Amino acid sequence: MIDAGLMLRFALALALVLALIAVTGWLGRRYMGAGRLSSLRGKRRLSVVEALAIDGRTRLLLVRRDATEHLIMLGATGAVVVERAITSRDEFSRAVDAAAEQG
């Protein structure tokens, strides 16, 4: 038969451990910088614009950083930059419109 005092000590020890885990998580989130990452959510500078599967092992990625795009081929042997500093579609459209207005 299990002693009631032993069960009470077990329950209190379990509650103490769970409370310590919760406090450690709260302190870690508060002081270790998780809040800093949430401030960057609206200001992302890097994104994958489009991805295209060429075959089972090879993909083409169009990656945008700020207003510049780069075409990258990912394959079994590694990554190769196909084209650098591609002007984004929006910037290209603005340049075409500006050239049409001048000419």
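**Exercise 1.** Which side chain meets that of E69 in a salt bridge? Work on the predicted model and classify both partners by accessibility.

*Solution.*
- Step 1. The partner is R64: its side chain and that of E69 meet in a salt bridge, with an N to O distance of 2.7 Å. Side chains of opposite charge can pair when their charged atoms come close.
- Step 2. Test the cut-off. A salt bridge requires a Lys or Arg side-chain nitrogen within 4 Å of an Asp or Glu carboxyl oxygen, and the E69 and R64 pair is at 2.7 Å.
- Step 3. The side chains of E69 and R64 also make a polar contact, again at 2.7 Å.
- Step 4. Place and classify E69. This residue lies in strand 3 and has a relative accessible area of 5%, so E69 is buried.
- Step 5. Classify R64. Its relative accessibility is 26%, so R64 counts as partly exposed.

**Exercise 2.** Find the salt bridges made by D66 and state which residues they join into one network.

*Solution.*
- Step 1. The whole structure holds 3 salt bridges. One of them is the E69 and R64 pair of the previous exercise.
- Step 2. D66 meets R45 through their side chains, at 2.7 Å from N to O. This pair links distant parts of the chain, 21 residues apart: R45 is in the loop between helix 2 (34-38) and strand 1 (46-53), and D66 is in the loop between strand 2 (59-65) and strand 3 (68-75).
- Step 3. D66 also forms a salt bridge with R65, where the closest N and O atoms are 3.4 Å apart. Through shared partners, salt bridges join R45, R65 and D66 into one network.
- Step 4. Classify the three members. R45 has 52% relative accessibility and therefore counts as exposed. D66, at 41%, counts as partly exposed. R65 is partly exposed as well, with a relative accessible area of 38%.

**Exercise 3.** Work out how strand 2 pairs with strand 3 and with strand 1, and describe the connections.

*Solution.*
- Step 1. Strand 2 and strand 3 pair in the antiparallel sense over 7 bridges. Within this pairing, L61 stands opposite I72 in strand 3.
- Step 2. The connection between strand 2 and strand 3 is a hairpin with 2 residues between the strands. D66 is in this turn and has a positive phi of about 55°; D66 is also the residue that forms salt bridges with R45 and R65.
- Step 3. Strand 1 and strand 2 are likewise antiparallel, over 7 bridges. S47 has R64 in strand 2 as its bridge partner, and R64 is the residue whose side chain meets E69.
- Step 4. Strand 1 and strand 2 form a hairpin with 5 residues between them.

**Exercise 4.** Is helix 1 largely in the open or largely buried? Also check the span of the helix and locate a surface patch.

*Solution.*
- Step 1. Helix 1 has 28 residues and reaches 40 Å from its first C-alpha to its last. This is close to the 40 Å expected at 1.5 Å a residue.
- Step 2. Count buried residues. Of the 28 residues of helix 1, the number buried is 0, so this helix lies largely in the open.
- Step 3. Find the patch. F10, L14, V17, L18 and I21 form a nonpolar patch on the surface, with about 510 Å² of accessible area together.
- Step 4. Take I21 as an example from the patch. I21 is placed in helix 1 (residues 4-31). Exposed means over 50% relative accessible area; I21 is at 54%, so I21 counts as exposed.

Key. Residues numbered from 1 in each chain as written. Predicted model: local features only at pLDDT ≥ 70, side-chain atom pairs only at ≥ 80, totals over all residues. Heavy atoms only, no water. Patch = residues over 30% accessible without salt bridge, like charges linked within 9 Å, V, L, I, M, F, W, Y side chains within 5 Å. Areas by Shrake-Rupley, 256 points an atom, 1.4 Å probe, with all protein chains shown as cover. Helix = DSSP H or I, 4+ residues; strand = E, 2+ residues; numbered from the N terminus. Buried < 20%, exposed > 50% of the residue type's maximum accessible area, 1.4 Å probe, protein only. Expected span 1.5 Å × (residues − 1). Polar contact = N/O pair within 3.5 Å; in protein donor to acceptor, adjacent residues only side chain to side chain. Pairing = 2+ DSSP bridges.
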